[in-house]
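Biologist: I have a model open and want to learn how to read its core. Can we go through it step by step?

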Amino acid sequence: MAISTDMKRRALLGVLAGTITALAAPLRSARGAAMDDIAQPESRDDAEFISRAFVMQRRALDSGDQGYGAIVVRDGIIVGQSPSHVVVHRDPTAHAEMEAIRDAARRLANRDLSGCTLYSSSPPCPMCEAAAYWAGIDRLVYGKAAQDGGRPRLCG
């Protein structure tokens, strides 16, 4: 029996959702005094997803790149993720947010990412925010405090 692309996509999304759950467990148990010193995220989901963006940041640093990471989430499922690839790919546009948006568009087979949230380890630069705007991303969340950046805007 041949496995359809849709079945593969669902299986991959299930694996990613399981990874998020596993990564979030230490975050839940580590909510001590240090976490109380920063603004608290809007929701537990924001905290869990922003922690995954920081996993991507660690991957970037481990590979010798700039310390940035980002993920794209739709309906509580990670649909795109990436560390920064600026240095390793020698591409000035390969910011983590741009790469995560590209990954999400490929996985969803659609450039329209309406209904998605972009989680990033830091505030997005103007290029990345513009890309999120043009992709139709609904919301930006960034930093350890899971700051809600609202809808992406075009700078100008």
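Biologist: Which residues touch the most other members in the largest nonpolar core?

Modeller: Start with the general idea. In soluble globular proteins, nonpolar side chains tend to be buried together. Now this case, which is a predicted model. The largest nonpolar core has 17 residues. Val72, Ile101, Leu113, Cys116, Leu118, Ala132 and Ile137 touch the most other members.

Biologist: Which strands and helices each supply at least two residues of this core?

Modeller: There are two strands and two helices to find: E1 (69-74) and E3 (116-120), then H4 (96-108) and H5 (126-135). H4 gives the largest share, 5 residues.

Biologist: What is leucine 118 in contact with, leaving aside its neighbours within four places in sequence?

Modeller: Contact here means heavy atoms within 4.5 Å. By that rule, Leu118 meets Ala70, Ile71 and Val72. It also meets Glu97, Ile101 and Ala132. Ile137, Arg139, Leu140 and Val141 complete the list.

Biologist: Which residues does the second, separate core include?

Modeller: That core has 11 residues, among them Ile50, Phe54, Met56 and Tyr119.

Biologist: Now the whole chain. What pattern does the protein follow along the sequence?

Modeller: Count the elements: 5 helices and 5 strands. Read along the sequence, they run α-α-α-β-β-α-β-α-β-β.

Biologist: How many of the 156 residues count as buried, as a percentage?

Modeller: The buried share is 42%. Then look at the outside. The protein exposes about 8,400 Å², and carbon and sulfur atoms supply 55% of that area.

Biologist: What share of contacts with a separation of 6 or more joins residues 24 or more positions apart?

Modeller: Those pairs account for 48%.

Notes. Residues numbered from 1 in each chain as written. Predicted model: local features only at pLDDT ≥ 70, side-chain atom pairs only at ≥ 80, totals over all residues. Heavy atoms only, no water. Core = buried A, V, L, I, M, F, W, Y, C linked by side-chain atoms within 4.5 Å. Buried < 20%, exposed > 50% of the residue type's maximum accessible area, 1.4 Å probe, protein only. Helix = DSSP H or I, 4+ residues; strand = E, 2+ residues; numbered from the N terminus. Areas by Shrake-Rupley, 256 points an atom, 1.4 Å probe, with all protein chains shown as cover.
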